[in-house]
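Let's go looking for empty space inside a protein, and then see how a pair of helices meet. Here is the structure to explore.

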Amino acid sequence: MSFFKNLGHIHANVSATIEKVAGGTVKELKGLFDSDHRHDDPEEKARDAARTKILEAHRFKSFSTERDGNICKWHVDGHDFMWALSELIDSAKEQICIMDWWLSPELYLRRPPALHPQWRLDRLLEKKAKQGVKVNVIVYKEVTQTMTMSSKHTKDALEDLHPNVACMRHPDHIGSKDSIQFWSHHEKVVIVDYHYASIGGLDLCFGRWDTHSHPLADAHVTEHDRTLFPGQDYNNARVLDFQKVERYVSNQLSTLETGRMPWHDVHMTIVGPTVLDIAQHFIERWNEIKKRKYAELERYTWLALPHNLAAAPNEAISSHPDLEVWQQRGVKYKERFLRHGSYDEQEEDPEDHKHDPNMGTCRVQVCRSISDWSHGYLPEHSIQNAYIQLISEAKHFIYIENQFFISNTKTGAAVVNQIAGALVERILRAAKDGQKFKVIVVIPEVPAFAGDIKDASALQIILGAQWRTINRGGDSIMEKIREAGYNPEDYIRWYHLRAYDRINGPYHTFIKEMEEKTGITFHQAQVALARKWIGKIDESWVQEDVAIKAPLPTKDGLVEEGNASKIEPVKYPETEEEADQILAKFEAAASRKDDDVSDSVGHHAMQDTTALHDERWLGDEAEERECYITELLYIHSKLLIVDDLRVIMGSANLNDRSQKGDGDSEIALVVEDQDMINSRMNGKPYKAARFAATLRRALFKEHLGLIKPQHCEPETKDIVTSYMTPVPHPHKDTTMSKEDSLVADPLSDDFDQLWNGTAHKNTQIFSEIFKYVPSNNVRSWKQYENYVPKVKAGHVGHADMPVSEIKDKLNKVQGHLIEGAVDFLVEEKEIVEGVRWSSYDPTLPIYI
């Protein structure tokens with residue numbers, strides 16, 4: 001009888017599934033054939049008209065206006081920003097709002113993790129929730145067939161913390177009237193008490209935390225507690241994408257054989273009235289998703305707009321079509337910027353929510369990319385409008401850092417956004433006027449996708465789109481400038497970033513002996529360490545082994561190819577106590593101290609007090625040669641700096657997905673600081689804006705190796721620099737330093753020689769030692785086959801090169817700047833030509 005009972009259950013489940021799928025298909029078809037269903041009746045049209053009127057009244061046709069009185073502070077790389085963010089979150093009294101493309105609850109905001117267990121993101125949010133703070137989170141709901149972020153794990157892990165935590169996932173992809181296949185929520189925003197906010201390129205997820213030194217190595221044979229990148233946080237997306245991220249200790253790379261992919265990014269923290277506009281963006285998104293998905297669930301409360309219209313009746317928000325409804329039904333939290341009377345009212349605020357309004361020297365405007373699928377509104381592309389206008393109005397110099405560079409110089413083509421056209425127009429205007437004008441663009445060498453460049457179609461499409469923007473295909477920037485009779489390299493150049501390191505992994509002369517003494521492999525110790533830090537785990541996968549992947553030699557010197565890797569299954573400890581025992585036993589088996597050997601040496605590319613020649617090695621020369629590695633330094637910034645006066649910083653890439661409005665949802669801030677500093681431009685005295693100029697100088701100094709290494713070790717745990725604290729605390733003033741003077745004037749001949757000379761020298765050294773790709777030395781697939789060394793990904797390309805020569809060459813590397821590989825595969829015309837680039841290709845928008 002039980003058999004038939006089970007069969008009955010199976011039949012019922014199948015029937016329910018069929019009904020659900022069929023119903024979902026009907027909903028999806030309704031959405032497909034009625035895509036305007038939120039904008040077609042008279043009331044909806046009136047609401048759209050009210051919003052459009054607000055856009056038309058603002059610069060860049062943005063939903064928000066320019067606001068004075070803000071304090072803005074930039075943060076370069078994850079080490080500094082995430083420490084600052086930990087302070088902001090810890091200061092929360094009422095509410096924390098987070099929007100993210102990917103959020104890893106197990107992310108450590110302060111490191112080394114062994115010394116900062118309480119500063120893991122989920123533990124910090126749990127602490128605040130228990131104090132009564134409401135935590136509202138929106139994360140992108142990924143297409144699970146193609147992406148590995150596991151927003152379900154994010155939602156489950158966060159909501160299990162406390163009832164005060166609510167996490168929404170959006171959009172749905174199958175079986176919904178609002179089904180979305182291609183686009184993503186891409187903003188990276190945190191708002192604390194509608195008082196502080198952060199915006200930029202850094203997601204709160206694995207793989208993003210990094211120091212200015214950008215180490216590739218993190219193997220600590222005898223002192224595992226010095227580890228900086230625990231579990232899946234040690235990642236190289238060019239070798240292996242994240243796998244099963246809900247299983248923090250699983251699917252790791254071998255830290256003995258594969259370097260991590262370092263991550264460069266910029267973010268900012270802000271306090272001031274513009275935070276209300278950032279909050280408005282969040283509230284609109286939150287309420288729209290609640291209406292669509294969570295209307296009946298009490299955990300997800302409606303939110304009211306915080307603006308005090310009694311104090312500021314002329315605010316544009318007074319015309320917002322949803323203002324009154326949300327005020328009536330939504331929770332309203334305190335705001336501190338639109339107030340009656342004087343600053344005295346702020347005396348009631350907590351100490352960490354007070355700031356001197358006289359410090360607010362930044363005029364800031366919020367711009368965004370939104371549309372019906374993401375926000376329930378008609379499309380807004382004010383970020384693209386801001387890029388085009390600021391480029392057009394540039395007088396001297398433009399600096400761009402971005403993850404992508406895909407645009408167009410003509411209309412009616414597959415790529416829609418016109419940022420490239422604005423650059424060409426401005427450059428040609430300068431050329432015709434005989435004006436000295438320069439554009440510097442820094443982008444990654446290749447997208448961060450696993451796969452051989454020759455075989456991965458997605459990589460080729462994105463690279464092809466970028467090359468069609470830069471120098472190929474007939475309508476590129478360089479071709480248009482050359483067509484007008486000018487040398488494009490006199491005005492615009494592209495660059496990348498690359499790093500080197502040495503893994504402390506003398507296997508045959510040291511680690512193997514420890515393994516034989518203990519019966520514990522290094523990878524078992526590696527997994528035990530991750531298990532030690534994960535804390536409570538899901539019992540459903542207690543028996544699962546961890547897959548450690550190590551690369552084998554392949555024909556592609558940049559990434560693994562196919563199944564060209566060995567996998568070592570490792571059973572992870574079931575308890576933290578067992579993990580501790582494994583680590584203690586393994587470390588105790590060391591036959592010698594390892595203090596004399598550095599666990600990372602890449603910091604010698606910065607202003608270190610010692611040289612690479614000073615680094616000791618206690619194994620043999622062959623082992624040391626095998627442990628030298630290189631990897632591209634992945635640029636994830638979304639940044640524009642114009643004339644050292646104006647900045648656009650946010651989440652938007654320079655491509656159609658981010659810029660056209662009806663693709664990915666994005667947010668950015670346009671910052672114009674009124675605090676002016678003495679500087680120089682083209683050899684003449686020049687007044688520059690402090691925020692813009694100091695940010696650009698900080699970036700240039702890092703890229704050129706003109707700053708001290710940033711060590712993150714037990715010995716430095718009590719050192720908190722001004723760059724690690726959030727607003728309103730100012731940066732240390734370095735504007736009069738020698739290093740600042742070297743990069744202060746981006747148009748001077750001395751700077752040009754320093755920048756291009758460093759890039760050229762670094763490029764030559766990396767090419768000679770590692771023979772990496774992409775490279776301007778490789779112009780065809782035939783040359784590619786002959787050029788790429790048959791070695792493990794990122795390792796030295798010459799088996800007979802003496803270590804002394806490797807050290808001698810790498811010791812001359814300064815910073816991470818290298819020349820742009822714009823002529824890589826330039827003879828392979830099919831990459832940038834043909835039917836693929838027709839505006840009728842329905843799959844192309846996914847990539848561009």
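What volume does the largest cavity have? It comes to about 120 Å³, and keep in mind that this is a predicted model. The largest cavity is lined by 15 residues, and Asp 218, Thr 227, Thr 255, Gln 526 and Leu 529 are the closest to its centre.

That cavity has company: searching the whole structure turns up eight cavities of 30 Å³ or more. The second largest cavity holds about 90 Å³ of space. Its lining has 13 residues, with Glu 445, Gln 466, Trp 467, His 496 and Ala 821 closest to the centre. Two elements, α11 (457-470) and β13 (492-502), each give two or more residues to this lining. The largest share, four residues, comes from α11.

Here is how the two linings divide by residue class:

| Cavity | Nonpolar | Polar | Charged |
|---|---|---|---|
| Largest cavity | seven residues | seven residues | one residue |
| Second largest cavity | 10 residues | two residues | one residue |

Now for the helices. Two packed helices are described by the angle between their axes and the distance between the axes. Helix α13 (residues 507-518) packs with helix α15 (residues 576-588) at an angle of about 120°, and their axes are 8 Å apart. So α13 and α15 count as oblique to each other. The crossing of α13 past α15 is right-handed.

Which residues make the contact? From α13 come Ile 511, Met 514, Glu 515 and Thr 518, while α15 brings Lys 585, Phe 586 and Glu 587. Sorted by class, the contact of α13 with α15 has three nonpolar, one polar and three charged residues.

Technical notes
Residues are numbered from 1 along each chain as its sequence is written. This is a predicted model: local features need pLDDT of at least 70, side-chain atom pairs count only at pLDDT 80 or more; totals for chains, interfaces and linings use all residues. Side-chain values use heavy atoms; hydrogens and water are left out. On a 1 Å grid over the protein atoms alone, a cavity is a set of points where a 1.4 Å probe fits but cannot get out, and a pocket is an open set with protein on both sides within 12 Å along at least five of seven lines; lining residues have an atom within 4 Å of a point. Grid points are joined across faces, edges and corners, and a volume is the space filled by probe spheres set on the points. Ala, Val, Leu, Ile, Met, Phe, Trp, Tyr, Cys and Pro count as nonpolar, Asp, Glu, Lys and Arg as charged, and the others, Gly among them, as polar. Axes are lines fitted to C-alpha atoms, for helices over the stretch in contact, and angles run from 0 to 180 degrees between N-to-C directions. Angles under 35 degrees count as roughly parallel, over 145 as roughly antiparallel, 65 to 115 as roughly perpendicular and the rest as oblique. A crossing is left-handed if the near helix is turned anticlockwise from the far one by less than a right angle, and right-handed if clockwise. Contact means heavy atoms within 4.5 Å.
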